[in-house]
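Student: I should like to learn how to read the sheets, the surface and the salt bridges of a model. Could we begin with the sheets?

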Amino acid sequence: MSVAKRRLAIWGSLLILLVVGVAYALRPQPFQVDLAVAETGTLRVTIDEEGETRVRDVYTLHAPLRGQLQRITAEPGDVIKAGETLLAQIEPAAPAFLDARTEAELQAAVEAARAAHNLAAAELNKAKADLTFAEGERARARMLIERRTISQRSLEDAERAYSVAQANLATAEAGLKVREHELHQARSRLLSRQEIRSRSGACECVAVTAPVSGVVLHVMRRSEGVVEAGTPLLDIGDPTDLEIVANLLSEDAVRIKPRQQALVTGWGGEDLKAVVQRIEPFGQTKISALGIEEQRVDVVLDFADPPERWRSLGHGYRVDVRVILFEGEVLRLPLGALFRQREDWAVFVAAEGRAQLRPVGVGQRNSLAVEIREGLLPGDRVILYPSDRIKDGVAITER
């Protein structure tokens, strides 16, 4: 072989190797993907929301009248008995301080009452004198009638004058008593706090006792002081009679029915069972943390577990509530494997190293998994979170 042919063969071989290497380097590479397996297992669909425990019947004790409240010594957690445990005492409140103008007015009222009393005393003396005179005239008339020196009409006039004088005396005596009481009343308005306290005997207090048996939940007014009628003093109730209230979105509340099962979590102990008692018919407009108006409804639940399991809970404790809408054994798949194919759901199945597009029928689902009703069999491997580069028939390899 000549030198020219030999060089041509060498350079030709090198060129062929170069073309083959470039073609191999530029060949389509299989996409690395994460795979999940369709398998039969328990699927639980819940509505999750924060809740709060509360005593079923909370009694707020109010001051029955205005007065001076003595210091409340009851502490939250104290056991009380209906009709026996003394919770608060209220005594008459001291009068208000008198300013110069009011004191002058009250002094004038005292002087007016004293003058009226003196006038009534003078009228009483006049009535007594009139009665004495009328009594003498009656005696004289009776003596003269026996001698027949006056007429019967004159005797009757004397008798009538005596009766009128008696009535006037009684009226004057009653009027004097009225004026005495008015004078005492006017003087009492000028009594100072020190004089009132010195004249007072033992505390004429109104006792406020427990209306029901239970424990003290909260003391709203502890210190001594003047309170108005209706002032809240304490909250009492039975902490062994707890319920749970969860504030749900109205679109979630309509999916819940009474007697549905629920789980109570996130309270610091093992999960507890609960049951929906009622869905309140009244919704409230509330503002979310993002500033969005929401319609929310209170859902009330009862504990299904014995009290020994949740005895450490109290009134107003935070819990997490999970109302169970569905729970059963189904063919399930992670929710991240599904995507929309027009109006239907679909997945990419890994078959012989390639992605195969397959529509599926779905049922119940939660935030993590979905029920597959048709389109897959147990053990099928599907691509998780497929990107837009995954197409039907492309080569894939498990990451």
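Tutor: Two strands pair if DSSP finds at least two bridges between them. Helices (H or I, at least four residues) and strands (E, at least two) are DSSP runs, numbered from the N terminus. Before we apply this, note that the model is predicted, that local features need pLDDT of at least 70 and side-chain atom pairs pLDDT 80 or more, while totals for chains, interfaces and linings use all residues. Residues are numbered from 1 along each chain as its sequence is written, and side-chain values use heavy atoms, with hydrogens and water left out.

Student: What is the strand order in the open sheet of four strands?

Tutor: The order is E7-E6-E4-E9, and the pairing is antiparallel. Strands E7 (206-209) and E9 (225-227) each have a single partner strand, so they form the edges, and one side of each lacks a neighbour in the sheet. Neighbouring strands of this sheet are turned against each other by 40° on average, direction ignored; the axes behind such angles are lines fitted to C-alpha atoms (for helices over the stretch in contact), and angles run from 0 to 180 degrees between N-to-C directions.

Student: How many bridges join strand E6 to E7?

Tutor: Four bridges link E6 (residues 86-91) to E7 in the antiparallel sense. Within this pairing, Ile-90 has Val-206 of E7 as its bridge partner.

Student: Which strands does E8 pair with?

Tutor: Strand E8 (residues 214-219) is joined by two bridges to strand E5 (residues 79-80), running antiparallel. Here Ile-80 faces Gly-214 of E8. E8 is also antiparallel to strand E10 (residues 232-237), with four bridges, and Val-216 is partnered by Ile-236 in E10.

Student: How is a salt bridge recognised, and how many does the structure hold?

Tutor: The criterion is a side-chain nitrogen of Lys or Arg within 4 Å of a carboxyl oxygen of Asp or Glu. The structure holds 30 salt bridges. In one of them, the side chains of Arg-318 and Glu-50 meet at 3.3 Å, N to O. Arg-318 belongs to strand E15 (residues 318-334) and Glu-50 to strand E2 (residues 39-55), so this pair ties together parts 268 residues apart in sequence.

Student: Are Arg-138 and Glu-159, which also form a salt bridge, buried or exposed?

Tutor: Buried means under 20% relative accessible area, exposed over 50%, and partly exposed in between (1.4 Å probe, protein chains only). Arg-138 is buried at 17%, whereas Glu-159 is partly exposed at 25%. Their closest N and O atoms are 3.9 Å apart. Arg-138 lies in helix H2 (residues 100-147) and Glu-159 in helix H3 (residues 152-188), so the contact ties together parts 21 residues apart in sequence.

Student: Which residues make the nonpolar surface patch?

Tutor: Patches are made of residues with over 30% relative accessible area and no salt bridge; like charges are joined within 9 Å, and nonpolar side chains (Val, Leu, Ile, Met, Phe, Trp, Tyr) within 5 Å. Accessible areas come from the Shrake-Rupley method with a 1.4 Å probe, and for residues only the protein chains shown count as cover. In this case Ile-10, Trp-11, Leu-14 and Leu-17 make a patch of about 480 Å². Trp-11 is placed in helix H1 (residues 3-25) and is exposed, with a relative accessible area of 61%.
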